[in-house]
Amino acid sequence: MKIVGLTGGIGSGKSTVLALFKNLGAAVYIADDEAKKLMNSDKELISFIKKIAGDKAYSNQVLNKAYLAELIFNNKEILVAINAVVHPKVRDNFQKFIKESKAPIVIYEAAILFESGSSNFCDYVITVIANYKAKIERIAKRDFLSIAQIEQRMQHQTEDDFKIKHSNFVIQNNCLDQTKIQVETIYKMLIKT
């Protein structure tokens, strides 16, 4: 089994690439989704988040994602504190996922793969990139944000250049047909190694 980290900036099309790998037979683990599940179910995490972010972090016993996102977006200390507790829980959860998987390739998708240190347990890393216009269009359509809001979020992310430099593969995701070819090529290479 090969563990492959998949990352990329907001709007790069990680979800599309992930779906293509899944169609080829890879098992997929979406770190953000699993983190949210854990933040809604793990009593230790819930207690910690309420302690650090206040009771507004949960509404009717469900994580108030909008409130928490706004809070951590404007306060690095809270972000660091929450990440320090959430990331180890996600890693433990991922280890269980790996043990239960029979797939030859497991894709660990995380927007902050490098920042969280998760790239360290991956055999290979793939970074998904896209041109500026494609990213803006995707995010505006998906999240209903203004260009100013999108650019503000982009500024808080690690530069593509850093990710590319530390990756084994880079997928240019501007045209779906070309993206499919790149994914198929990489998948075949990973299966053979």
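In this predicted model, helix H3, which covers residues 43-53, packs against helix H5, which covers residues 76-100, at an angle of about 175 degrees, and their axes lie 11 Å apart. Because angles over 145 degrees count as roughly antiparallel, H3 is roughly antiparallel to H5. On the H3 side the contact is formed by Glu44, Leu45, Phe48 and Ile52, and these meet Ile78, Ala81, Ile82, Val85, Val86 and Lys89 in H5. Sorted by class, the residues of this contact comprise eight nonpolar and two charged, with no polar residue among them.

H5 also has a contact with helix H4, and here the two axes come within 6 Å and cross at roughly 115 degrees. From H4 the residues Leu68, Leu71 and Ile72 take part, while H5 contributes Lys76, Ile78, Leu79 and Ile82. The division by class is six nonpolar, no polar and one charged. A reader who follows Ile78 and Ile82 along H5 will find both of them in the contact with H3 and in the contact with H4.

H3, in turn, packs against H2 at an angle of about 85 degrees, with the axes of the two helices 6 Å apart. Since angles of 65 to 115 degrees count as roughly perpendicular, H2 is roughly perpendicular to H3. Leu38, Met39, Asn40 and Ser41 of H2 make this contact with Lys43, Leu45, Ile46 and Ile49 of H3, and by class the contact holds five nonpolar, two polar and one charged residues.

From the packing of helices we can turn to the empty space. Rolling a probe the size of a water molecule over the atoms shows where such space is left. The largest pocket holds about 1900 Å³ of space, and among the 49 residues that line this pocket, Asp32, Lys36, Ala69, Ala111 and Gln157 are the closest to its centre. At least two lining residues come from each of several elements, including helix H1 (14-24), H2, H4, H5 and strand S5 (105-109), as well as helix H6 (132-143) and helix H7 (147-155). The lining is made up of 19 nonpolar, 16 polar and 14 charged residues.

The last feature to consider is the aromatic rings, of which the model has 10 pairs. The rings of Tyr29 and Tyr108 have centres 5.5 Å apart and planes at 10 degrees, so this pair is stacked. Tyr29 belongs to strand S2 (residues 27-30) and Tyr108 to strand S5, and with their positions 79 residues apart in the numbering, the pair links distant parts of the chain.

How values were computed. Residues are numbered from 1 along each chain as its sequence is written. This is a predicted model: local features need pLDDT of at least 70, side-chain atom pairs count only at pLDDT 80 or more; totals for chains, interfaces and linings use all residues. Side-chain values use heavy atoms; hydrogens and water are left out. Axes are lines fitted to C-alpha atoms, for helices over the stretch in contact, and angles run from 0 to 180 degrees between N-to-C directions. Helices (H or I, at least four residues) and strands (E, at least two) are DSSP runs, numbered from the N terminus. Angles under 35 degrees count as roughly parallel, over 145 as roughly antiparallel, 65 to 115 as roughly perpendicular and the rest as oblique. Contact means heavy atoms within 4.5 Å. Ala, Val, Leu, Ile, Met, Phe, Trp, Tyr, Cys and Pro count as nonpolar, Asp, Glu, Lys and Arg as charged, and the others, Gly among them, as polar. On a 1 Å grid over the protein atoms alone, a cavity is a set of points where a 1.4 Å probe fits but cannot get out, and a pocket is an open set with protein on both sides within 12 Å along at least five of seven lines; lining residues have an atom within 4 Å of a point. Grid points are joined across faces, edges and corners, and a volume is the space filled by probe spheres set on the points. Rings of Phe, Tyr and Trp (its six-membered ring) pair if their centres lie within 6.5 Å; planes under 30 degrees apart count as stacked, over 60 as edge-to-face and the rest as tilted.
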